[in-house]
Amino acid sequence: MVEEGIVLGHKISKNVIEVDKAKIGVISKLPPPTSVNGVWSFLSHIGFYEHFCKDISKVVNPLRKLLEKDAKLHFNDDCMRAFELINHKLTTTPIITAPNWSIPFELMCDTRDVAVGTVLG
């Protein structure tokens, strides 16, 4: 059995789950987007994590407004605060937590023609 490994940018072992230090450096050094494509790319990049970071979908609203039809790219203070808060959440918030091994749980699996999915319940 593997003692520790990197999964979704997190170093996971029996006792601890922490953000991979290599990913922190990359994410924390990202410059604010300067174009519509940059905003789109940034929001696409963090889209996966929206499901795991509490209230991140509310934080990204100023950035999403930049992508509305006929909106001008005006990266104002609200956008900058949102960008900085998202970077902070992605580099400090535990995205994945270990289960409480003292409580019983069930691992449910579903297979399709092209994929296998699992859920810890």
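Student: How many salt bridges does a search of the whole structure find?
Tutor: This is a predicted model. Side chains of opposite charge can pair when their charged atoms come close. D78 forms such a pair with R81, the closest N and O atoms being 2.4 Å apart. A search of the whole structure finds one salt bridge.

Student: Which helix holds both D78 and R81?
Tutor: The two residues are three apart, about one turn of the helix. D78 has a relative accessibility of 42%, and R81 has a relative accessible area of 49%. Buried means under 20% and exposed over 50%, so D78 counts as partly exposed, and R81 is likewise partly exposed. Both lie in helix α5.

Student: Which residue caps the N-terminal end of α5?
Tutor: The backbone nitrogen of D78 is the atom to look at. A side-chain oxygen lies 3.1 Å from that nitrogen. The oxygen belongs to N76.

Student: How far apart are the end C-alpha atoms of α5?
Tutor: Helix α5 covers residues 77-92, which is 16 residues. The expected span is 1.5 Å times one less than the number of residues, so α5 should span 22 Å. The model agrees with this, as the end C-alpha atoms are apart by 22 Å.

Student: Is K89 of α5 buried or exposed?
Tutor: K89 touches C53, K54, I56 and V59, leaving out residues up to four places away in sequence. Its relative accessible area is 18%. The cut-off for buried is under 20%, so K89 is buried.

Student: Which residues of α5 are buried?
Tutor: K89 is one of them, with a relative accessible area of 18%. D78 does not belong with them, because at 42% relative accessibility it counts as partly exposed. The buried residues of α5 are C79, A82, F83, I86, N87, K89, L90 and T91.

Student: Which helix supplies the largest share of the largest nonpolar core?
Tutor: In soluble globular proteins, nonpolar side chains tend to be buried together. The largest nonpolar core here has 16 residues, and those with the most contacts inside it are F42, L43, I46, V60, L63, I86 and L90. At least two residues of this core come from each of α2, α3 and α5. The largest share, five residues, comes from α5.

Student: Which residues does L43 touch, not counting those up to four places away in sequence?
Tutor: L43 is among the residues with the most contacts inside the largest nonpolar core. V60 and L63 are also among those residues. Leaving out residues up to four places away in sequence, L43 touches V60, L63, R64 and L67.

Student: What is the distance in space between S35 and L66, C-alpha to C-alpha?
Tutor: S35 sits in the loop between α1 (21-28) and α2 (36-46). Its relative accessible area is 31%, so S35 is partly exposed. A polar atom of its side chain lies 3.0 Å from the backbone nitrogen of G38. L66 is 31 residues from S35 in sequence, and their C-alpha distance in space is 9.5 Å.

Student: What pattern does the protein follow, read along the sequence?
Tutor: The secondary structure comes to five helices and five strands. Read along the sequence, the pattern is β-β-β-α-α-α-α-α-β-β.

Student: What percentage of the residues in the protein are buried?
Tutor: The protein exposes about 9,100 Å², and carbon and sulfur atoms supply 57% of that area. The protein has 121 residues. Of these residues, the buried ones make up 22%.

Technical notes:
Residues numbered from 1 in each chain as written. Predicted model: local features only at pLDDT ≥ 70, side-chain atom pairs only at ≥ 80, totals over all residues. Heavy atoms only, no water. Helix = DSSP H or I, 4+ residues; strand = E, 2+ residues; numbered from the N terminus. Buried < 20%, exposed > 50% of the residue type's maximum accessible area, 1.4 Å probe, protein only. Contact = heavy atoms within 4.5 Å. Polar contact = N/O pair within 3.5 Å; in protein donor to acceptor, adjacent residues only side chain to side chain. Core = buried A, V, L, I, M, F, W, Y, C linked by side-chain atoms within 4.5 Å. Areas by Shrake-Rupley, 256 points an atom, 1.4 Å probe, with all protein chains shown as cover. Salt bridge = Lys/Arg side-chain N within 4 Å of Asp/Glu carboxyl O.
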